Amino acid sequence: MHHLSTEGRRIRCLSELKRIVKKGGLINVQAWALEQEVDSKRKFHGTDLWVPFNAQPKYLQTSAAEPASTATEKTENKAQEVSSKGKGVAQLMAEKYDNAEFDSKKNLVVFQRYCHMYRKGELEYLCGLVDGLEVVESSYEKGNHGVILRVCN
């Protein structure tokens, strides 16, 4: 839920969860919280922001049509071909993706991903906008808000 960028998308997500779960069934939703513990390394300065995602190059594909292993093998072959230029696999992969950066210290490809940080009570509010969902339990644990929902109709 924290990667959905608008309230409308969040409501559609909850509606779809309600649609696919039988009447009486339970849904568990967890999402990142704006409120973090005092000792947390995470400090958010707003509810909508971009956070880095570190990807190992072996899990990336060069195109959607290629299996990851083929893409990785091709990239590794290319890395060997250009090794005289001093570029490794991660750096080559970072160059293939728009908006990706190469972290030379960690040898990783870094993407920026959208995250919405939920305030206390926000998940409950959204669930209240979807007819047929009942909040059974609300929780906060280790920097995440959560709700358990029951499908009523």
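Hi everyone, this is a short walk through the sheet, the cores and two residues of a helix in a predicted model. Because the model is predicted, local features need pLDDT of at least 70 and side-chain atom pairs count only at pLDDT 80 or more, while totals for chains, interfaces and linings use all residues. Residues are numbered from 1 along each chain as its sequence is written, and side-chain values use heavy atoms, with hydrogens and water left out.

Let's start with the sheet. Three strands form an open sheet in the order S1-S6-S5, with antiparallel pairing. Strands here are DSSP runs of E with at least two residues, helices are runs of H or I with at least four, and both are numbered from the N terminus. Two strands pair if DSSP finds at least two bridges between them; S1 and S6 have seven. Along that pairing, Asn 28 stands opposite Ile 148 in S6.

Which strands stand at the edges? They are S1 and S5 (133-141), each with a single partner strand, so one side of each has no neighbour in the sheet. Helix H1, residues 7-20, packs on the sheet and touches S1, S5 and S6. Touching, or contact, means heavy atoms within 4.5 Å.

Now the inside. A nonpolar core is a set of buried Ala, Val, Leu, Ile, Met, Phe, Trp, Tyr and Cys residues joined through side-chain atoms within 4.5 Å. Buried means under 20% relative accessible area, exposed over 50%, and partly exposed in between, with a 1.4 Å probe and protein chains only. The largest core has 15 residues, and among those touching the most other members are Met 1, Leu 14 and Leu 123. Strand S1 (26-32), helix H4 (122-128) and strand S6 (144-151) each supply at least two residues of this core. There is also a second, separate core of seven residues, including Trp 32 and Phe 44.

Finally, two residues of H4. Cys 127 sits in that helix and counts as buried because its relative accessibility is 1%. Beyond its neighbours within four places in sequence, Cys 127 contacts Leu 14, Leu 133, Val 135, Val 147 and Leu 149.

Glu 122 is in H4 too. What is the nearest side chain of opposite charge to Glu 122? That is Arg 10, 4.4 Å away, and Glu 122 is buried yet has no salt bridge. A salt bridge needs a side-chain nitrogen of Lys or Arg within 4 Å of a carboxyl oxygen of Asp or Glu. For charge, Lys and Arg count as positive and Asp and Glu as negative, with His and the chain ends not counted.

How values were computed
Axes fitted to C-alpha atoms, helices over the stretch in contact; angles between N-to-C directions.
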